[in-house]
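Me: Please take a close look at one part of this structure, the salt bridges. Where do they sit, and are the side chains involved buried or exposed?
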Amino acid sequence: MIAHIFEYSAPTDLKEALGQLASGGKPLAGGMSLIPIMKLRLAAPEHVVDLGRIVALNYIREEAGTLHAGAMTTHYQIESSPLVRSRCPLLAEAASHIGDVQVRNMGTIGGSAAHADPAADYPASLMALEVQFRLASSSGERTVSVEDFFVDTFATALQPGEIITEVIIPVEDPSAGVSYQKMVQPASGYAIVGVAARITKSGGKVTKARVGVTGLGPKAFRAKAAEKLLEGTEGTAADIAKAAAAVSEGVESNTDLHASANYRTQMARVYAGRALSVAVSRAT
Amino acid sequence: MATTTITRTEPLVGKRIRRREDPRLITGTATYVEDIQIPGMHHACILRSPHAAARIRSITTQPALDMPGVVAVFTGADTQGIGPVPCGASLPGLRVPYHRILATDRVYFVGHAVAVVVATDKYIARDAIDLIEVDYEPLPAVADPEKAIAPGAPPVHPEWPDNVAFTFHQEGGDIDKAFAEADVVVKQRITSQRLIPTAMETRGVVAEWRPGEKSLTLRSSTQIPHLMRTLVAQMLSIPENRLRVITPEVGGGFGSKFNVYAEEALMGFIAMKIHKPVKWIESRRENFLCTIHGRGHVDYFELAAKRDGTMLGLKLKLIQDLGAYHQLLTPLIPTFSVLMMPGLYKFANIQADITGVFTNCVPTDAYRGAGRPEATHGIERMVDILAAELKMDPAEIRFKNFVQPDEFPYATPTGLSYDSGNYAAPLEKALAAVDYPHLLAEQAKAREAGKLMGIGISSYGEICAVGPSPAMPAGGWESATVKIEPTGKVTIMTGISPHGQGEETTFAQIAADELGVDIDDVLVIHGDTTVVQYGIGTFGSRGTAVGGSALYFALQDLKAKIKKFGAMLLDSDDILFANGQCICNKTGKSVTIAEVAGASYRAMKLPPDTEPGMVATRFWEPPNFTFPFGAHIVVTEVDKDTGDIAIKRYVAVDDIGKIINPLIVDGQIHGGVAQGLGQALWEQAVYDDNGQLITGELMDYALPRASRMPWIESSHTVTPSPVNPLGVKGVGEAGTIGCSPAVVNSVVNALQPFGIRHIDMPLTSEKIWKLVNAGGQA
Amino acid sequence: MKINGTYLVHLPQERAYALLQDPEILAKCMPGCDRLDKVAENEYEMKMKMAIASMSGLFDGRVKLADQQPPSSFRLLVEGKGKIGFLKGDGLLKIETGDETTNVIYEGDVQIGGTMAAVGQRLLDTTSKMMIKRFFDKFAEVTRDLKTPGPVPAQLQD
């Protein structure tokens, strides 16, 4: 459990960091995935650029209808932030499910998203929330929608030398109901499946449904068929069941020691049902 | 000399005293093997086979040797002079493969040590490992014991193509008659999966050779320092008295450190070769791959009974997955299962056949319970299966078959003599705790409401205080030395090797009570073969029952000597020793224990036929094992949609004889239950068909987590053991043994509406979900 | 682990059969592979750099083509070994004809060993699927302009 030799730098300035990344450095955020991978020698970056000292990447603020979270904001900061809890409760709820206390104190929202683990907790909510990522490299900045960001298993829209600097989250409609429900893999704590749901109601009808799913397929995704089935309904148990049954539509389910593809698919439906029920009940 | 009135201080035995070893453990001031730094120390890293079976065509070490900082690389060719990793078990016809400390021409399991690099720091050592080229010719492997004994299976050891290491047959009573007279026979295949002990501290060794003194010191994270000294001295062909084994703080063992491993001899060999101290610390990956696993049973049970529930006889065909080699006691572990197979029930007829099977996996050996959890799981599942078959209440059928309180000592058909017991008492207490009739009514209501609620009972017995010497390959006695120093401080040197069991506290309690001294004046020393007299070690729930008894007798010797000196100092024959003072009954004059001790060392005057000093040593041989017992009741609820199991209540009533420290006993029960739950619900070491351990990390091997533990309602009945003077039975393994059948019985009971009779562990959510949603097909 | 799947390629059957065995095409399409060096009839060596997310490893690989039944099926055996373990794939590829398009149906077995096996079981299925998908995506890309029948690549002529 000893990593290969590597160069380590911990710049305090973003520009400096981007320069180092441009010349081949590997970004280190909270280190909750990269460090174990390095210790197992499954990765051997020559130069690790620790982003942990860049104060400018750690913030949560509200601006004109959106929340902005710096990429190096820890899960615990998200989970416990009064601002996130009131303006975007789904994200805070999702953060509270990640790993354990130690992991939440170290792991960051940017690091988690950039790693794009197919069973990570955050991406389900990031999908349901339709967030945007602010990316930066030495050659400039750009903004990418979450749908374009997650490309495949461990694969994102990030180009070499590029990092997430900020996650932009729309402020939640105060009347919306949200929920993140997760089946926990007993060894790792990752999601066997995790479903994030956002429901807005008006006049007794579901006007907007957003469902993000993690753990089920090669990457987190929006279950748009389920959303469609629910929108326009009254959100009764039967409506929810129908929508939940469609959550796995078009997805080839993962299989591993802890859950076969069939079981995962079924659990995605069960947990979608649970997340939707809670979200519907919370929507006012 | 002061005159004092006697006020009897309250005894410490029986008190909830906080563990005296804990402050250093929780403040990071304890010294583990990894904390040891010796000037000039080098570091070793071991190259291990990625194949479960392969021929080694060649090993190229030169590129590693060329790396700056690398001092030496050794392979199997260099270490052929070292004796094999020892197997202490002997069974008739046992096939013992020659277990070299480094593989030579062939590897037998993933993780098999192939070469070792020694370097000036651990980082260089690890980097150099990647520079060694091994040319392997992969061979077919077999990881499943039943597949291994099927025709055509690849041979693990080519010299024994049937993969059978031994067979063992035991019979008691008249099994054929029992089955002929039976109204009903229930049969079930029950597995007890491979488990990874996962001590918090992995193994580690520091070896130091002093060429001038021709002496080798090994610091090792072990449960058996003295046995290790004897065995490693033999492996290295050095005089035993020039080998010192020191056990620093040990962060858990659960049996996995009740062993002598290749690395202990290997580090000794290296230190003697390079004349430098060398350290090796096992990584978690290595711990999973190379430290022994536990369990690994496939059991075929047949239970014969009368229609009224009277059990008549039990047959067991036991297939033990041994792994590729025998570690210290590997082949003996399933024989413990056979000894314990009748459980607490008084049928007189048994038949058992063990087949010990080689597989291309890391060896199995003693893991918390060592053979007894498997046996208990088997009999307690079979009793429930019989109860279901006869439509009897599981509690009722147990009461009907228990050995009765007036039948002790009770001779079992497996040749044991149960020491003492009242087997109904803990079950009655547990049933009362859950209000059984009410609970049954609640279950009936829950079932009507479509809920899957389960009630599971286990009435377990176990063998502890291991054990009388004839039952153990290297002796089963234990030793203690007690010294009262000239200032009156008390030093205990025990032959056991505590590594979490808390004897630094419990032994101090015993000594403080016996000698009437302050507990803070008592120091318990263990785990250094040069300081402590020979001892056997800590395993098999023996520490207090055997080691504590040796201590008790040494204390009695000392008390007699104290009284002699007290009589001399007080010039009286009428002496009482109490509360740390000798008191003359006539005059009321007294001397303190410190005064007595001081006088004994100054020896200006000695009592008749008495030597100076205040030291006593006892080696105590127990006349029998002890047999703790108890009843656990588990209430579960199964989520139909997901197969998740929720433990609603966990009631444990354990009879472990007399209790020295209830706080420590609580901890032992909690920890034991945690590991029992681990086996019942989550843990499994999974090898794929090619012998790759695919649960090779804590990412996939599901240990119990604190957050998943139920509340344990723990209480006791107390039936003292007549075997030892303390009346204790042992508690280290009780929780584990009682737990798993209670959990599985509860979940099977919850799934009764689906006609489920048995489920193999671990009860993963998917397994349960399939049973619920596919009408009984797992 | 068993794997299976079907990919649609926009090539006629015979063309697909030939190109799927063309070492230059294979080298281009196999993730992490630059070049195949022929060591025997239908047998090639290669260096592979497998990279998934932050993880990467170098492998000495070997590719073997066997049981060729032109134009409908052949077996593809891939082996690789490196410091983080070894992998072995044994797959039967069936090439079934449509009109303009062809279905490639594969079924086989993937084995991994060493560190990869011990820590990677959670991701084995997902990443195997992803690797195969990458192979066929790349195959589609590099064969886009080779649709029309042309000379069979030199390597397959002998």
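Reply: What follows goes through three salt bridges, one chain after another.

The model is predicted, and it holds 74 salt bridges over all chains. In chain A, Glu231(A) pairs with Arg210(A), with the closest N and O atoms 3.2 Å apart. This pair links distant parts of the chain: Glu231(A) is in the loop between α10 (224-230) and α11 (237-245), while Arg210(A) belongs to strand β13 (residues 205-214), 21 residues apart. Glu231(A) is partly exposed, at a relative accessible area of 28%, whereas Arg210(A), at 15%, is buried. Both residues also belong to a network of salt bridges, whose members include Glu130(A), Glu147(A), Arg198(A) and Lys224(A).

In chain B, a salt bridge joins Glu733(B) and Arg372(B), at 2.6 Å from N to O. Glu733(B) lies in the loop between β28 (712-716) and α18 (734-750), and Arg372(B) is in helix α10 (residues 372-390), so the bridge ties together parts that are 361 residues apart in sequence. Glu733(B) and Arg372(B) are both buried.

In chain C, Lys133(C) meets Asp137(C) in a salt bridge of 3.4 Å, N to O. Lys133(C) and Asp137(C) are in helix α3 (residues 115-142), and because they are four residues apart there, about one helical turn separates them. Lys133(C) is partly exposed, with a relative accessible area of 38%, and Asp137(C) is also partly exposed, with 40%.

How values were computed: Residues numbered from 1 in each chain as written. Chains lettered and ligands numbered in written order. Predicted model: local features only at pLDDT ≥ 70, side-chain atom pairs only at ≥ 80, totals over all residues. Heavy atoms only, no water. Salt bridge = Lys/Arg side-chain N within 4 Å of Asp/Glu carboxyl O. Helix = DSSP H or I, 4+ residues; strand = E, 2+ residues; numbered from the N terminus. Buried < 20%, exposed > 50% of the residue type's maximum accessible area, 1.4 Å probe, protein only.
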